[in-house]
Every structure is written in structure tokens, then in C-alpha cells.
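Here is a quick walk through one part of a fold, strand by strand. Have the structure open and follow along.

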Amino acid sequence: KSLSDKCLMSFSDSQGDPSLLQKDVAATFRSLNYEVHEEVTCNQTGYSIDAVVVMETGNEVSVEVDGPSHFVGSLPTGATLLKRRQLKHNGGRTL
């Protein structure tokens, strides 16, 4: 495997556990009869996407649940901004 592949694998393996807020958001989508996949790994970036919701049209929408740890005051942290930017750059439609 290439160094890039090894780095991506290591990064992907180090993602955290879902928060209670994240689980509540996924449960809300399910209560509205949407199909929801939690903790989906983005193949291009290695980031863990909190939830992917399958719309009635079959399109998938990524949902990131950014609780208090993703902010300093009212501003997103650098890590949160980077994740949002990289997911958007790779064609993700994220809420």
C-alpha cells in the first residue's frame, strides 16, 4: 500500500464515537420514515460522516451534527471548518 493509503486508513480508524445529540438527530430522521446510515466513512477524505439520509428520490444527503465541542464561542473550530471544506470540495451535499 502507498503512504497515502496508509495515512487514509490510519485517519479513518481514529474517528470518535457518536454523541447523544447525533443519535437523537438520526432517530428524528428515522421517525420521519427516512433511511439513515450512521458513521459513514467518506472514501475520498477518510472523514466519518455523522449520518447519511436517503431522500425519497434516492439522493443521499450527509448530515453533520456539530455540538458545542465543534465551536469556540460562536465560531467553528479549525478542525470543523476543515472537515466541512473537504467534504464540500469532494462533492458532498452536507447539512
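## The first hairpin

Let's start at a turn: the hairpin of β1 and β2 has six residues between its strands, and G46 there takes a positive phi near 85°. Keep in mind that this is a predicted model. On either side of that turn, β1 (residues 35-41) and β2 run antiparallel, joined by six bridges. If you want a spot to anchor your view, find E38, which stands opposite A51 of β2.

The loop between β1 and β2 also holds T45. Is T45 buried or exposed? Its relative accessibility is 13%, under the 20% cut-off, so T45 counts as buried. A polar atom of the T45 side chain sits 3.2 Å from the backbone nitrogen of Y47.

## The second hairpin

Now follow β2 the other way, to β3 (residues 60-63). These two strands are antiparallel as well, with four bridges between them. Their hairpin has five residues between the strands, and here G58 is the residue with a positive phi, near 95°.

Two pairings help you line things up: V54 stands opposite E60 in β3, and A51 has V63 as its bridge partner in β3. A51 is therefore flanked on both sides, given that it also stands opposite E38.

## How enclosed is β2?

How many of the seven residues of strand β2 are buried? Seven of the seven, across residues 48-54, so the strand is largely enclosed by the rest of the structure.

## Two nonpolar cores

A51 turns up again in the largest nonpolar core, a set of six residues: A26, V36, A51, V53, V63 and V65. In soluble globular proteins, nonpolar side chains tend to be buried together.

V65, one of the members of that core, touches L21, Q22, V25, D50 and H70, leaving aside residues up to four places away in sequence. Apart from the largest core lies another one, of five residues, including C42, Y47, V52 and L87. Y47 is a residue you have already met, through its backbone nitrogen and the T45 side chain.

How values were computed:
Residues are numbered from 1 along each chain as its sequence is written. This is a predicted model: local features need pLDDT of at least 70, side-chain atom pairs count only at pLDDT 80 or more; totals for chains, interfaces and linings use all residues. Side-chain values use heavy atoms; hydrogens and water are left out. Buried means under 20% relative accessible area, exposed over 50%, partly exposed in between (1.4 Å probe, protein chains only). A nonpolar core is a set of buried Ala, Val, Leu, Ile, Met, Phe, Trp, Tyr and Cys residues joined through side-chain atoms within 4.5 Å. Contact means heavy atoms within 4.5 Å. A polar contact is a pair of N or O atoms within 3.5 Å; within protein, one must be able to donate a hydrogen and the other to accept it, and residues adjacent in sequence count only if both atoms are side-chain atoms.
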